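Here are some exercises to work through with the model open on your screen. Try each task before you read its solution.

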Amino acid sequence: VQLQASGGGLVQAGGSLRLSCAASGRTFSMGWFRQAPGKDREFVAGITWSDSATYYANSVKGRFTISKDGAKNTVDLQMNSLKPEDTAVYYCAAGTYYFGTDSRKYNYWGQGTLVTVSS
């Protein structure tokens, strides 16, 4: 499965961005992770293809929304009320059998897209 992430950019605090991840095949789940400079990669949000179950990190709950489009095989991350601490490279990932926050259990990764939030 190949993943192609897009949609990153520069935005002011309080603004919005929408990331998209196009998948070449269907897996059990999809997730978005992010990695800020000098920090570990962290889970942001995830969704299952079968029943659209979702899960969010506490730091983004209420501000970010993950969604899927089965016809296009894409998973989007709508990010609102962005904060400078949201600045990171965002990665999409696909899990063959897993749905959760552990990045080690996702099987496929996209190339990452940079999100920069200025204060």
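**Exercise 1. Work out whether Ser81 is buried, partly exposed or exposed, then describe its backbone.**

Step 1. Ser81 has a relative accessibility of 40%, so it counts as partly exposed; the cut-offs are under 20% relative accessible area for buried and over 50% for exposed, with partly exposed in between (1.4 Å probe, protein chains only).

Step 2. A word on the ground rules: this is a predicted model, where local features need pLDDT of at least 70 and side-chain atom pairs count only at pLDDT 80 or more, while totals for chains, interfaces and linings use all residues. Residues are numbered from 1 along each chain as its sequence is written, and side-chain values use heavy atoms, with hydrogens and water left out.

Step 3. Place Ser81 on the chain: it is in the loop between β8 (74-79) and β9 (88-95). Strands here are DSSP runs (E, at least two residues), as helices are (H or I, at least four), and both are numbered from the N terminus.

Step 4. Now the backbone: phi of Ser81 is positive, about 50°, although the residue is not a glycine. Most residues other than glycine have a negative phi.

Step 5. Look for another case. Ser52 has a positive phi too, near 60°, and is found in the loop between β5 and β6 (54-56). With 34% relative accessibility, Ser52 counts as partly exposed.

**Exercise 2. Find how many helices and strands the protein has, and check its overall size.**

Step 1. Count the elements: zero helices and eleven strands. Along the sequence that reads β-β-β-β-β-β-β-β-β-β-β.

Step 2. Box it in. Taken along the principal axes, the C-alpha atoms fill roughly 40 × 30 × 25 Å.

Step 3. Try the globule rule, which is 2.2 Å times the number of residues to the power 0.38, with the radius of gyration taken over C-alpha atoms. For 119 residues a compact globule would come out near 14 Å, and the protein has 13 Å, so the two agree.

Step 4. Check burial: buried residues make up 45% of the 119 residues.

**Exercise 3. Which residues form the aromatic cluster, and how does Phe33 pair within the structure?**

Step 1. List the members: Phe33, Phe43, Tyr55, Tyr91, Tyr98, Tyr106 and Trp109 form one aromatic cluster.

Step 2. Count the pairs. The structure holds seven aromatic pairs; rings of Phe, Tyr and Trp (its six-membered ring) pair if their centres lie within 6.5 Å, and planes under 30 degrees apart count as stacked, over 60 as edge-to-face and the rest as tilted.

Step 3. Start with Phe33 and Phe43, an edge-to-face pair at 5.5 Å centre to centre with 75° between the planes. Phe33 belongs to strand β4 (residues 29-35) and Phe43 to strand β5 (residues 42-48), so this pair ties together parts ten residues apart in sequence. Both Phe33 and Phe43 are buried.

Step 4. Go on to Phe33 and Trp109, a tilted pair at 5.1 Å centre to centre with 55° between the planes. Trp109 lies in strand β10 (residues 108-109) and Phe33 in strand β4, so the pair ties together parts 76 residues apart in sequence.

Step 5. Compare exposure. Phe33 has a relative accessible area of 0% and is buried, whereas Trp109, at 29%, is partly exposed.

**Exercise 4. Find which rings have an Arg over them.**

Step 1. Apply the test: NZ of Lys or CZ of Arg must be within 6 Å of the ring centre and within 35 degrees of the ring normal.

Step 2. Arg26 passes, lying over the face of Trp49 at 4.3 Å from the ring centre.

Step 3. Arg41 passes as well: its charged end sits over the ring of Tyr91, 3.9 Å from the centre.

Step 4. Stay with Trp49 for a moment. Its C-alpha atom is 7.7 Å from that of Gly70, although the two are 21 residues apart along the chain. Gly70 lies in the loop between β7 (64-69) and β8, and is partly exposed at 37% relative accessible area.
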